[in-house]
Number of protein chains: 2
Amino acid sequence: MAFSKKSEFTKEDIWLADIAKVLSHPARIRILKLLNSMDSCMVGNIVDQLPLSQSTVSQHLKELKRLDLIEGEIDGPKVCYCINSKTLARAKKELDKLFSLICNC
Amino acid sequence: MAFSKKSEFTKEDIWLADIAKVLSHPARIRILKLLNSMDSCMVGNIVDQLPLSQSTVSQHLKELKRLDLIEGEIDGPKVCYCINSKTLARAKKELDKLFSLICNC
DNA sequence: ATTGTATATCGTAAATATACGATCATATAC
DNA sequence: GTATATGATCGTATATTTACGATATACAAT
């Protein structure tokens, strides 16, 4: 493509699309579920649960962090990730708005 | 990448990720909103409302149709698209399940 | 200081997505 | 029949995503 036309849409639609994009890989959905179910949220534990290399998981974590869906806390040489409920709640609200608009559900 | 690892996740996560992927472009979000607000749902009307060429819009419609989020009905030389509420309701339900899992919201 | 452990980043290859113009197929109108 | 209109598909260029191994960084322990 010559260049992306995404910027020609509304800010709201772009943000929702961006959130959807972060959720558009099963690894990232899995990671979000894991972060909420595990006692520990170290990267190593996440890597162990996924069929992906450490570097690939790190990339997925970066994407989740970029959209503020998760937060990382440095703990010595380790990093502990956790869900950012605030952003997720906002995402849920906006998705609800979209669905109520387009299909009354 | 050598090849995608998406198939190594659960069917549920893959389906949700696929739905999210369809929603991951502002043009497709805009199209869904338009289909519900316009009297007519002809392709031409949709093209008029988007900053994209006819062929690009057709590609986006194909994606929405692939996941069964919309349905097309042939009307002479025209095609009328409409929302498939059933699939959207299922998507909403699965997204709700995900959000309640990961952030109690 | 050295060694080990945990994670991020870099470089890179292949897959997929985005976008367009051109063309094709089909239905209507003449 | 031919022309016109609508929308899908093809071909193609570029951008982005996905994935990995290798390397770098940062801290901890010895």
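Biologist: How many residue pairs in polar contact does the rule find across the interface of chain B and chain A?

Modeller: There are 8, with both residues of each pair at pLDDT 80 or more. Keep in mind that this is a predicted model.

Biologist: Which elements of chain B sit on that side, then?

Modeller: Helix 1 (11-22), helix 2 and helix 5 (85-103) of chain B each give two or more residues to the side that touches chain A. Helix 5 of chain B gives the most, with 12 residues.

Biologist: And what makes a residue there count as nonpolar, polar or charged?

Modeller: Just the residue type: Asp, Glu, Lys and Arg go down as charged, for instance. Sorted like that, the side of chain B that touches chain A has 24 nonpolar, 4 polar and 10 charged residues.

Biologist: Why is the pair B:Asp96 and A:Lys92 called a salt bridge?

Modeller: The rule wants a side-chain nitrogen of Lys or Arg within 4 Å of a carboxyl oxygen of Asp or Glu. The side chains of B:Asp96 and A:Lys92 meet at 2.8 Å, N to O, so the pair qualifies. Across the interface of chain B and chain A, the rule finds 4 salt bridges.

Biologist: What area is buried between chain B and chain A?

Modeller: About 3,600 Å², and carbon and sulfur atoms give 76% of that. In chain B, the residues that lose the most area to chain A are B:Phe9, B:Pro26 and B:Ile102, together 18% of what that side buries. As for who takes part in the contact, chain B brings 38 residues and chain A brings 38 residues.

Biologist: Now the helices. Why is helix 2 of chain B called roughly perpendicular to helix 4 of chain B?

Modeller: The axes of helix 2 (residues 26-37) and helix 4 (residues 54-66) of chain B come within 10 Å and cross at roughly 75°. The label covers 65 to 115 degrees, so helix 2 of chain B counts as roughly perpendicular to helix 4 of chain B.

Biologist: Which residues make that contact?

Modeller: B:Ala27, B:Arg28, B:Ile31 and B:Leu32 from helix 2 of chain B, with B:His60, B:Leu61, B:Glu63 and B:Leu64 from helix 4 of chain B. By class that gives 5 nonpolar, 1 polar and 2 charged residues.

Biologist: What about chain A: at what angle do helix 2 and helix 4 pack there?

Modeller: About 75°, with the axes 10 Å apart. That angle falls in the 65 to 115 window, so helix 2 of chain A is roughly perpendicular to helix 4 of chain A. Residues in the contact include A:Ile31 and A:Leu64.

Conventions. Residues are numbered from 1 along each chain as its sequence is written. Chains are lettered from A and ligands numbered from 1 in the order in which they are written. This is a predicted model: local features need pLDDT of at least 70, side-chain atom pairs count only at pLDDT 80 or more; totals for chains, interfaces and linings use all residues. Side-chain values use heavy atoms; hydrogens and water are left out. Axes are lines fitted to C-alpha atoms, for helices over the stretch in contact, and angles run from 0 to 180 degrees between N-to-C directions. Helices (H or I, at least four residues) and strands (E, at least two) are DSSP runs, numbered from the N terminus. Angles under 35 degrees count as roughly parallel, over 145 as roughly antiparallel, 65 to 115 as roughly perpendicular and the rest as oblique. Contact means heavy atoms within 4.5 Å. Buried area is the accessible area (1.4 Å probe) that two parts lose on being put together, summed over both. A polar contact is a pair of N or O atoms within 3.5 Å; within protein, one must be able to donate a hydrogen and the other to accept it, and residues adjacent in sequence count only if both atoms are side-chain atoms.
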